[in-house]
Amino acid sequence: MNLLCCCCGKMAPNTRITRKWELFAGRNKFYCDGLLMSAPHTGVFYLTCILITGTSALFFAFDCPFLATRINPVIPIVGAVLYFFTMSSLLRTTFTDPGVIPRASHDEAAYIEKQIEVPNSLNSPTYRPPPRTKEVLVKGQTVKLKYCFTCKIFRPPRASHCSLCDNCVDRFDHHCPWVGNCVGKRNYRFFYLFLVSLAFLAVFIFSCSVTHLVLLMKAEQEVFEVIKKAPFTVIVVFICFFSIWSVIGLAGFHTYLTTSDQTTNEDLKGSFSSKGGQRSINPYSRGNICLNFCHILCGPMTPSLIDRRGMATDEFILQMQQHSSPRHPLSDVMSATHVGTSGMITSQPVIGGAGGGISIGGNHKKPRIYDDSNPSSATLAGSNGIYRPRSYDNLQNVNRFDICAMKKSKNGCLPSCSLQPFIHTYKLS
């Protein structure tokens with residue numbers, strides 16, 4: 001939107017500052033001008049909120065009045081404390097940066113590629129792809145650092161790339177659709193507190209509802225009369241009964257991970273077990289159950305590595321232009337963005353406007369939505385977030401004829417240089 005100048009009566013350009021979250025390369029959603037962030041798909045998270053809030057509301061409405069008068073008036077207070085603690089932990093898990101690692105700039109990526117280049121030629125019969133791992137020592141134990149083809153970095157120890165959010169996350173545990181976010185270094189403590197508090201809340205509501213039904217059966221003597229008299233209590237008992245086992249199991253499993261200072265990703269891969277042969281010692285453990293527990297839950301919280309609310313400077317916009325492709329939705333934004341001589345953005349994109357599109361210079365554009373069923377296309381549709389193709393989806397665009405020709409080749413050379421990064425990515429992933 002242009003502003004009317006009071007002095008000359010001319011239309012002054014819009015001088016709204018573009019924040020870095022508006023040009024973020026990943027798929028995360030941002031709220032409150034970049035203060036909060038979550039995964040791109042949060043539908044299951046809303047289902048989690050509905051289940052917890054709905055079950056608790058039925059308990060407070062139909063069980064607490066009876067139990068407060070017949071047993072103890074403290075029961076509604078205990079239930080309310082558990083509910084608010086559970087929801088606060090859930091919201092902190094969902095809208096906290098899990099520990100996203102920034103992508104390498106164009107110069108950094110070029111420097112890393114130069115370091116891992118091999119002297120032999122691509123057309124040589126003895127050509128081998130450059131190594132994509134590095135080895136570092138952590139407490140005297142060798143740890144491999146893997147190269148991320150999307151972020152153009154060697155991932156730190158315990159970090160992994162989330163294919164759903166399209167970001168590398170530090171101390172990656174797993175991507176949890178129930179909380180609508182990745183679980184990593186910066187929000188794992190809130191995730192663990194959510195599981196433990198939810199387990200206590202489920203056990204509390206289940207035991208109180210069963211007590212309500214038992215007291216009613218002593219007075220009514222017939223089961224059908226009790227069901228007619230307290231149908232919502234029966235519903236609460238069924239919901240808690242079928243969910244309490246999984247919640248307690250998850251809380252117990254993550255208690256084991258917390259006390260041993262492991263992640264779900266490491267436990268499933270058997271990084272520190274004897275699944276792959278010789279048992280390796282966990283170099284990240286403090287050597288004590290209590291020290292591991294206190295370090296994860298009570299240790300200092302590391303600051304976010306991505307400056308979400310920072311101003312998008314000229315250098316940052318040029319860097320994003322180098323990372324974006326013609327099919328990238330941000331290329332539409334940055335190609336229409338004009339940088340003034342004063343360093344102020346004069347025609348910035350407004351992302352998340354009406355209909356979830358992109359408003360540039362007063363014109364409304366729909367964001368490109370990546371269709372998983374057709375990796376070679378990016379359709380235009382209304383949405384609340386911006387999505388882009390993943391780097392390894394390009395593998396599906398490789399022509400079958402070229403692959404067959406490559407297999408039949410005598411020296412194993414690639415028939416087309418454009419296929420080379422895709423083939424290497426496929427072999428190394």
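Let's start with a pair of opposite charges: Asp-166 and Arg-103 join their side chains in a salt bridge, with 3.4 Å from N to O. Asp-166 sits in the loop between strand E9 (160-162) and strand E10 (167-169), while Arg-103 sits in the loop between strand E5 (100-101) and H4, so the contact ties together parts that are 63 residues apart in sequence. Keep in mind that this is a predicted model.

**Charges**

- The count of salt bridges comes to 10, and the link between Asp-166 and Arg-103 is one such salt bridge.
- On the surface, Asp-107, Glu-108, Asp-314 and Glu-315 form a negative patch.
- Helix H4 (106-115) and helix H10 (314-323) are the elements that give two or more residues to this negative patch.
- Of the patch residues, Glu-315 is one to look for in helix H10.

**Helix H7**

- Helix H7 covers residues 231-260, which makes 30 residues.
- What span should we expect for H7? At 1.5 Å a residue, the helix should span 44 Å, and its end C-alpha atoms are indeed 44 Å apart, so the two values agree.
- H7 also has a kink of about 35 degrees, and this kink is centred on Ser-243.
- Follow the chain to just after H7 and you reach Asp-261, which has a positive phi of about 55 degrees.

Terms used: Residues numbered from 1 in each chain as written. Predicted model: local features only at pLDDT ≥ 70, side-chain atom pairs only at ≥ 80, totals over all residues. Heavy atoms only, no water. Helix = DSSP H or I, 4+ residues; strand = E, 2+ residues; numbered from the N terminus. Expected span 1.5 Å × (residues − 1). Bend = angle between axes of the 7 residues up to and from the residue. Patch = residues over 30% accessible without salt bridge, like charges linked within 9 Å, V, L, I, M, F, W, Y side chains within 5 Å. Areas by Shrake-Rupley, 256 points an atom, 1.4 Å probe, with all protein chains shown as cover. Salt bridge = Lys/Arg side-chain N within 4 Å of Asp/Glu carboxyl O. Lys, Arg positive; Asp, Glu negative; His and termini not counted. Charge placed at Lys NZ, Arg CZ, Asp CG, Glu CD.
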